[in-house]
Amino acid sequence: MSAPNIAVPQGTYLQAIRGPVMLITLGSLLAIDQLGSISFWRTWPALIIIFGLMKLFERVGAGPLTGGVR
Amino acid sequence: MKRTSLVAPLLLILIGGLFLMNNLRPDLPLLDLLGRYWPFLLIGWGVLRLAEITFWFVQRRPLPLSGISGGEWTLVVLITVVGSSLFFAHHNNWPRATFGIRGIEVFGETYDYPVAADKPGVGKAPRIVIENLRGNVRIVGTAAEDVKLSGRKVIRAFDQAAADKANDSTPLEVTTPSANVVLIRTNQERSGGDQRISADLELSVPKGATVEARARYGDFDVADLDGGVDISSDNAGVRLQNIGGAVRLDLRKSDVVRAIKVKGNVELRARGQDIQLEDVEGQVTIAGSYSGDLELRRLAKPVKYEGAYTDFRIERIPGELRMGISELTASNLVGPVRITSSRSKDIEINEFSDALEIAIDRGDVHLRTGGGTLGKMSVKTRSGDLELALPENARFDLLATTRRGHVENDYGSPVQADNEDNDRGGKLSGKSGSGPELRLETDRGAVVLRKWDRTEPAGTALAPEPPASPDAPRKPRVESQ
């Protein structure tokens, strides 16, 4: 892909970090499962909660935290 | 400028490198490590990506709409599937090791090696610490001041050479790491996973010794010690006799725990089956979950039992108490007695004194007081019949009710019975002198009050079961797993 810079849709900082944060959460839950303390099948709702929190923060902090080229 | 993440390519390179390493150097346990720690790969990826985006944000460079693209999520799913199957393979030693152990069980043979050791002059009251991973241990206290050990090591292997090698790598050690401590190690953990080793040990130790044992699988038989016994094991049957000190047992699994004649406290925690305690002079605490029969006889101090569904606390048991999955029968208890159960339990108590409190979900309750003074009584069941036998001329303040069922008064005056029509409930009430409160309550069931004659010998109203004959001594456990 070599589209010019202007054509690429841009996200906010909070939007951009949602994926990595979800990934870290997922990894942590799986690690906890792996190390034998709490099964992933019991902790998975945490993923929904984190996702909801991220969405909530996006709403609340949309204005001031918009990153990138303004 | 294109906003392409560096993390995903790095990750691919890392995974590729790991598999390549695994192919080139199969001796390194890379796959095992990967199987165990792969979730940290995801965490690391997330952290790196987060750092990358934050860096872009600070630099005021354009940010992507989503930090992790659809394709990358596919990779995440792939890693999760591969990682968890690696973990499964590693964790369950499958398929390689399972084949190995099964193979040994089918094709291998057992090789016996005698073991023996002496440690003279260890004093009158040493601490004996045993680290025996697998195998049965038998300990007897003697008048001598030395530790004598004999027994055999059983190695299951494909051939004599492999067995010899395993034998050499797992020497039995008897050491005295500090004064008054004798450490016995079987070193079974040193052999590789491909042989199955167990050691059956017979120990004679000074009578004053204290025994401390950690084990994975095997029975313990301990007799004639003045010191305490402390055993923790993943799977053990324990039989104790004539123990002068405190007994502490922590067993993840256990088919039987039997302790006869213990002077100190007994503390038991297990997921087990049968328990038998007799003639214990100290306090008894039993916790865990048990699926077999519980038998308690002649316990001189308070007894506390906390099971999966049933709890009880009894001040003393001069007689006996037997409990199975669905019934509890006891005779000659000294209160306060408190029994609660969230499951179905039929309770029969013959002769008891002092306060009594019973709360069960369902089950019949049959009670016959002893000749001594009555204490406060509170008996509740959601569904079940209640029967209480009181002595002639007893003093009490009785109120017994059923919400669905009828009441029956065989006691006579001063108790009055009031029954609603069609078994829609009833009430027994009566007061004689300034006696203790007796409260009986069932939501569904009959309530019967009887009288027993003081001249009539105890136990005719409700004959207790004869005690079971003791089991024959068992053969040492043969491993099968």
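1. Start with chain A, whose elements run α-α-α-α from the N terminus on. That comes to 4 helices and 0 strands. Keep in mind as you read that this is a predicted model, scoring ipTM 0.71 and pTM 0.62.

2. How much of chain A is buried? Of its 70 residues, 27% count as buried. As for how the chain meets itself, take the contacts between residues at least 6 apart in sequence: 64% of them join residues at least 24 apart.

3. Helix H1 of chain A covers residues 13-34, and I'd look at its length before anything else. With 22 residues at 1.5 Å a residue, H1 should span 32 Å, and its end C-alpha atoms sit 31 Å apart, so the two figures agree. There is a kink on the way, though: about 30°, placed at A:Gly19, shortly before the proline A:Pro20.

4. Is H1(A) enclosed or not enclosed by the rest of the structure? Largely enclosed, because 17 of its 22 residues are buried. A residue counts as buried here if 20 or more other C-beta atoms lie within 10 Å of its own.

5. Now turn to helix H3 of chain A, residues 45-60. Its 16 residues should span 22 Å at 1.5 Å a residue, and the end C-alpha atoms are 23 Å apart, so expectation and model agree for H3 as well. In its surroundings, H3(A) is hardly covered: the count of buried residues among its 16 is 0. Set that beside H1(A), where 17 of the 22 residues are buried. When you look at either helix, remember that an α-helix has 3.6 residues a turn, so residues three or four places apart point the same way.

6. Chain B is built from 5 helices and 28 strands. Of its 481 residues, 35% count as buried. Among its contacts between residues at least 6 apart in sequence, 47% join residues at least 24 apart.

7. A word on confidence in chain B. The average pLDDT is 83, and 86% of the residues score at least 70. Over residues 91-103, however, the pLDDT is below 50, and that stretch has 7 contacts in the model beyond near neighbours in sequence. Residues 459-464 also stay under 50, and the model gives them 13 contacts beyond four places in sequence. I'd go easy on both places, because where pLDDT is low, the predicted coordinates should not be read in detail.

8. Some backbone details deserve a look, given that most residues other than glycine have a negative phi, and most peptide bonds are trans. Where in chain B is B:Pro336? It sits in strand E18, residues 327-344, and the peptide bond leading to it from B:Gly335 is cis, with omega near 5°. Another cis bond joins B:Ser413 and B:Pro414, with omega about 5°; B:Pro414 lies in the loop between strand E24 (407-409) and strand E25 (416-419).

9. Finally, positive phi values. B:Asn187 has a phi of about 55° although it is not a glycine, and its place is the loop between strand E6 (181-185) and strand E7 (196-206). This asparagine has 16 C-beta neighbours inside 10 Å, so it counts as partly exposed. B:Glu351, also not a glycine, has a positive phi near 70°, but it is found in strand E19, residues 346-362. Is B:Glu351 buried or exposed? Buried, because it has 22 C-beta neighbours inside 10 Å.

Conventions: Residues numbered from 1 in each chain as written. Chains lettered and ligands numbered in written order. Predicted model: local features only at pLDDT ≥ 70, side-chain atom pairs only at ≥ 80, totals over all residues. Helix = DSSP H or I, 4+ residues; strand = E, 2+ residues; numbered from the N terminus. Expected span 1.5 Å × (residues − 1). Buried ≥ 20, exposed ≤ 12 C-beta atoms within 10 Å, placed from the backbone. Contact = placed C-beta atoms within 7 Å. pLDDT = per-residue confidence, 0-100. Bend = angle between axes of the 7 residues up to and from the residue.
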